[in-house]
Amino acid sequence: MFQHTIAAISTALQDGAISIIRLSGDEAISIVQSIFSKNILDAKSHTIHYGFILDDNKQPVDEVLVSIFRSPKTYTREDIVEINCHGGTFITRKILSIVLSHGAMLAKPGEFTQRAFYHGRIDLSQAEAVQDMIEASNDTAANMAIRGIRGSIKKLLQPLIDDLMEIIANIEVNIDYPEYDDVAQLTTHDLLPKTNEWLTKIDTILNRVQTGQLLKKGIDTVIIGKPNVGKSSLLNALLEEDKAIVTDIAGTTRDIVEGQIHIGSIQLNLIDTAGIRDAKDKIEQIGIEKSQEKLKQAKLVLLVFDGSKPLDEEDKKLLELTNDKMRLIIYNKEDLSQNTDKEGIWISAQNNDIHSLIEALENMYQNDLLKEEPLLSNERQIGLLNQAKQDMIRAKEAMENFIEPDLIEIDIQMAHDHLKEILGEVHREDLLDTLFSKFCLGK
């Protein structure tokens, strides 16, 4: 399928202790042999060899370790050679140049993983999980990626695929060897119950889609409140740095200030907003409009009140405004308050006393989100899953109208193909080229 041996730098191209140049293909070992000081043509798989990379004049270029991996027990199921050289950018590029001059072709982004997919080493969902692992910015995203690499998506979808095949088989058998006297009997007795059960299963998966996206990308969290209640102080305390300007002047924050924190293995994408109030200043009004827009998009709201003062009408409006949101009600300035009996989370942001808020956030997410069930968080996979659901809804409607089973089978087959497309078992070449082009070089 692949005629050329490919090569690329598989480590970050920057000065460091070690760099790796990776080759994959039928000629990987022979190409490296032609530039290496030791004989590796008969070397056993999964062995490491010490020597020197040589230039065209047989002069040493660098002292290296060469790792040999023979097919099929490799990442691509082709012969793979990795040259571990010193990590300077100049010497790394020079060795790659020598490798290319001896017959290897520069790998395209994602081509190593693409070859692994085409050779049946991994399915498409596992290939996407490889990229997710590279891009992971928190423990949870990394854990989701490793589950994907281990095949969790296929394990999740295979029962749905098997159920569809059973429904299709029932239709095919009944067409060839009629068990029921009429279409209504077949539909009512066999097809509809199985279809309803299938739709319930897929809804369960789709209901957890948002959870998967939150875990992967982080939870967009806005800090909302009137001016001068301590929103910026809270942001600084959470980030453990002075990122937002803090003064006694109401309305200091006029633009969005952002940062990220990790609560356990959950990432919160924090957004400090301008204080929401009736403002006459035009610039402050623009900031307030931005705050309201961020509030609409937020998955979690930290609603901050001044605990040293009673709630006023503007505070009550904010309570009403955020009533349909997942939120935590926070009373700041605990150190200045005479009455801390109000129900909510009491903190003193200026004194960095926010342990009660951290505890509440940990309790809020650790128990609900971090289940061991496989989760879909990839837009391509989610889109195909939704298409499969719509296919089966059309099939169900046809069943309820007692349409001929062989016509119903068309929609069921489409649902089956959409699920198989998630795994790459049914695919379009242009889609695969686009997907793998997003990978980094050397992977």
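Q: Which residue just after α9 takes a positive phi?
A: That is Glu240, and its phi is about 60°. Please keep in mind that this is a predicted model.

Q: What makes helix α9 (residues 231–239) count as mostly covered?
A: Buried means under 20% relative accessible area, and nine of the nine residues in α9 are buried. Among them are Lys231, Ser232, Asn236 and Leu239.

Q: Why is Leu268 called buried?
A: The cut-off for buried is under 20% relative accessible area. Leu268 has 1%, so the label buried applies. This residue sits in strand β9 (residues 266–272). Leu268 and Leu361 are 93 residues apart in sequence, yet their C-alpha atoms are 9.7 Å apart in space.

Q: How do you know that Lys201 forms a salt bridge with Asp163?
A: A salt bridge needs a side-chain nitrogen of Lys or Arg within 4 Å of a carboxyl oxygen of Asp or Glu. For Lys201 and Asp163 the closest N and O atoms are 2.7 Å apart, so the pair qualifies. The pair links distant parts of the chain, with Lys201 in helix α7 (residues 183–207) and Asp163 in helix α6 (residues 152–176), 38 residues apart. The whole structure holds 16 salt bridges.

Q: Why does Lys201 count as partly exposed?
A: Partly exposed lies between the buried cut-off, under 20%, and the exposed cut-off, over 50%. Lys201 has 32% relative accessibility, so it belongs in that middle class.

Q: What do the side chains of Asp203 and Lys389 form where they meet?
A: They form a salt bridge, with N to O at 2.8 Å, and the limit is within 4 Å. Asp203 lies in helix α7 and Lys389 in helix α13 (residues 379–400), so this bridge ties together parts 186 residues apart in sequence. Asp203 is partly exposed because its relative accessibility is 27%.

Q: Why is Lys420 called buried?
A: Lys420 has a relative accessible area of 18%, and because buried means under 20%, that is the label it gets. Its side chain meets that of Glu425 in a salt bridge at 2.4 Å, N to O. Glu425 has 36% relative accessible area, so this partner counts as partly exposed. Elsewhere, Glu78, Glu111 and Arg115 are joined into one network by salt bridges that share partners.

Q: What is the order of the six strands in the open sheet?
A: The order is β3-β4-β5-β2-β1-β6, with mixed pairing.

Q: Why do β3 (47–54) and β6 (105–106) stand at the edges?
A: Each has a single partner strand, so one side of each is left without a neighbour in the sheet.

Q: How do you know that β3 and β4 (residues 60–69) are joined?
A: Strands pair if at least two bridges are found between them. Eight bridges join β3 to β4, so they count as paired, and they run antiparallel. One of the bridge partners is Asp62 in β4, matched with Ile53. Helix α2 (residues 89–101) packs on the sheet, with a direction that makes about 150° with that of β5. Helix α3 (residues 111–118) packs on the sheet too, touching β1 and β2.

Q: Why does Ile48 count as exposed?
A: Exposed means over 50%, and Ile48 reaches 57% relative accessibility, so it passes the cut-off. Ile48 is in strand β3. Together with Tyr50, Phe52 and Leu65, Ile48 forms a nonpolar surface patch with about 380 Å² of accessible area. Strand β3 supplies the largest share of the nonpolar patch, three residues.

Notes: Residues are numbered from 1 along each chain as its sequence is written. This is a predicted model: local features need pLDDT of at least 70, side-chain atom pairs count only at pLDDT 80 or more; totals for chains, interfaces and linings use all residues. Side-chain values use heavy atoms; hydrogens and water are left out. Helices (H or I, at least four residues) and strands (E, at least two) are DSSP runs, numbered from the N terminus. Buried means under 20% relative accessible area, exposed over 50%, partly exposed in between (1.4 Å probe, protein chains only). Contact means heavy atoms within 4.5 Å. Axes are lines fitted to C-alpha atoms, for helices over the stretch in contact, and angles run from 0 to 180 degrees between N-to-C directions. Patches are made of residues with over 30% relative accessible area and no salt bridge: like charges are joined within 9 Å, nonpolar side chains (Val, Leu, Ile, Met, Phe, Trp, Tyr) within 5 Å. Accessible areas come from the Shrake-Rupley method with a 1.4 Å probe; for residues, only the protein chains shown count as cover.
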